[in-house]
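Biologist: I'm new to this structure and would love a friendly guide. Could you take a close look at a single part for me, and then set it beside the rest of the chain?

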Amino acid sequence: MDALVVMEFAAEEAKKVEEDAARADLRVFKEYTDRAFNRRFRISKESFQNVLALIGPQIEHPTRRNRALLPLEQLAVALRFYAFGSFQIEFGDSSGVSQATCSRVVRRVSETISARKEVLIRFPTGAEERRVVMQGFHEIAELAGVICAIDGTHVAIVSPGGEDATRFINRKRYYSLNCQ
C-alpha cells in the first residue's frame with residue numbers, strides 16, 4: 001500500500017472517531033437535563049465527567065474496529081447498569097448493546113474504578129468534615145449520626161442471638177445486614 005493511501009485511510013478513521021465521540025457526547029450530555037441525567041445515571045453530569053477523565057484512558061479501546069464503544073459510552077452503560085441492576089440482556093437490549101458487551105463493559109469499568117478507589121472513594125476524616133456530612137444526611141433523610149452509606153451490600157455481623165437469629169443468615173450462610 002502506498003503511503004498516501006495509508007495517510008488518507010488514517011485521516012478517515014480519525015474523522016470517524018471524532019464524529020462518534022461527538023455523537024456520544026451529544027446523546028449522553030445534551031439530551032438530558034441535569035435532573036434527568038441524575039435520575040438515569042445516579043450521578044451528576046459533573047461527577048460523570050470527573051470519573052470519565054480519571055478512568056477514560058484506561059478503558060479506551062486502541063482501535064474503533066467493530067465500532068468499539070467509546071469510554072464515555074462504556075461509563076454510561078456501566079452506571080446505568082449499577083443504577084438499576086437489571087438483567088444484562090434486558091439492559092443491553094434497551095441500551096443498544098448485546099448482553100455480552102454489557103457484561104464486558106460492566107466488568108471493565110468496575111475493575112478500573114476499583115483500581116482507582118483511593119481517588120474515587122473517600123470517607124470524611126476530620127471532625128468538621130464528619131459534622132458537615134452528618135448534617136447533610138440529617139437534612140436529606142433525618143438520619144442522625146450518619147457519615148456514610150453503603151448501597152446494596154451485605155455487612156457481616158456477629159450473630160444477634162435469640163430465636164430470630166436465623167433471619168440474619170444470608171444466602172452465603174453468614175450473619176449479615178443487607179444495607180440498601
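**A close look at K45**

Modeller: Let's start with K45, which counts as buried because its relative accessibility is 19% and the cut-off for buried is under 20%. Please keep in mind that the model is predicted. You will find K45 in helix α3.

What does the side chain of K45 reach? One partner is D34: the two residues form a salt bridge, and their closest N and O atoms are 3.6 Å apart. The pair links distant parts of the chain, since K45 belongs to helix α3 (residues 45-59) and D34 to helix α2 (residues 34-41), with their positions 11 residues apart. In general, side chains of opposite charge can pair when their charged atoms come close. The other partner I'd point out is a piece of backbone: a polar atom of the K45 side chain lies 2.7 Å from the backbone oxygen of Y32.

Is D34 buried or exposed? D34 is exposed, because its relative accessible area is 56% and exposed means over 50%. So this salt bridge joins a residue that counts as buried, K45, to an exposed one, D34.

Now let's set that pair beside others. How many salt bridges does the structure hold? There are 5. One of them joins R107 and E111, where the closest N and O atoms are 2.9 Å apart. Here both residues sit in helix α6 (residues 99-115), 4 residues apart, which is about one turn of the helix. A general point helps here: an α-helix has 3.6 residues a turn, so residues three or four places apart point the same way. R107 is exposed, at a relative accessible area of 58%, whereas E111 counts as partly exposed, at 45%.

Another salt bridge brings together the side chains of R131 and E128, at 2.7 Å from N to O. These two are separated by about one helical turn, because they stand 3 residues apart in helix α8 (residues 127-141). R131 is partly exposed, with a relative accessible area of 41%, and E128 counts as partly exposed too, at 49%. So where K45 and D34 link helix α3 to helix α2, R131 and E128 share helix α8.

Charged pairs are one part of the picture; nonpolar side chains are another. V119, L120, I121 and F123 make a nonpolar surface patch of about 370 Å². V119, one of these residues, is placed in helix α7 (residues 117-120). V119 is partly exposed, because its relative accessible area is 48%, which lies between the 20% and 50% cut-offs.

For a buried helix, turn to α4 (residues 71-84). It has 14 residues and spans 20 Å from its first C-alpha to its last, close to the 20 Å expected at 1.5 Å a residue. Why call α4 largely enclosed by the rest of the structure? Because 11 of its 14 residues are buried. Among them are P71, L72, L75, V77, L79 and F81, along with E73 and Q74.

A buried residue can also sit in a loop. N170 lies in the loop between β1 (153-156) and β2 (176-179), and N170 counts as buried because its relative accessibility is 11%. A polar atom of its side chain is 2.8 Å from the backbone nitrogen of K172. The N170 side chain also makes a polar contact with the side chain of S176, at 3.0 Å. Leaving aside residues up to four places away in sequence, N170 touches H154 and S176.

Finally, let's step back to the whole chain. Its secondary structure comes to 8 helices and 2 strands, and along the sequence these follow the pattern α-α-α-α-α-α-α-α-β-β. K45 is in helix α3, while N170 is in the loop between the strands β1 and β2. Of the chain's 180 residues, 26% count as buried. The accessible surface of the chain is about 13100 Å², and carbon and sulfur atoms account for 55% of that. Among contacts with a separation of 6 or more, 48% are between residues 24 or more positions apart.

Notes. Residues are numbered from 1 along each chain as its sequence is written. This is a predicted model: local features need pLDDT of at least 70, side-chain atom pairs count only at pLDDT 80 or more; totals for chains, interfaces and linings use all residues. Side-chain values use heavy atoms; hydrogens and water are left out. Buried means under 20% relative accessible area, exposed over 50%, partly exposed in between (1.4 Å probe, protein chains only). A polar contact is a pair of N or O atoms within 3.5 Å; within protein, one must be able to donate a hydrogen and the other to accept it, and residues adjacent in sequence count only if both atoms are side-chain atoms. Contact means heavy atoms within 4.5 Å. The expected span of a helix is 1.5 Å times one less than its number of residues. Accessible areas come from the Shrake-Rupley method with a 1.4 Å probe; for residues, only the protein chains shown count as cover. A salt bridge is a side-chain nitrogen of Lys or Arg within 4 Å of a carboxyl oxygen of Asp or Glu. Patches are made of residues with over 30% relative accessible area and no salt bridge: like charges are joined within 9 Å, nonpolar side chains (Val, Leu, Ile, Met, Phe, Trp, Tyr) within 5 Å.
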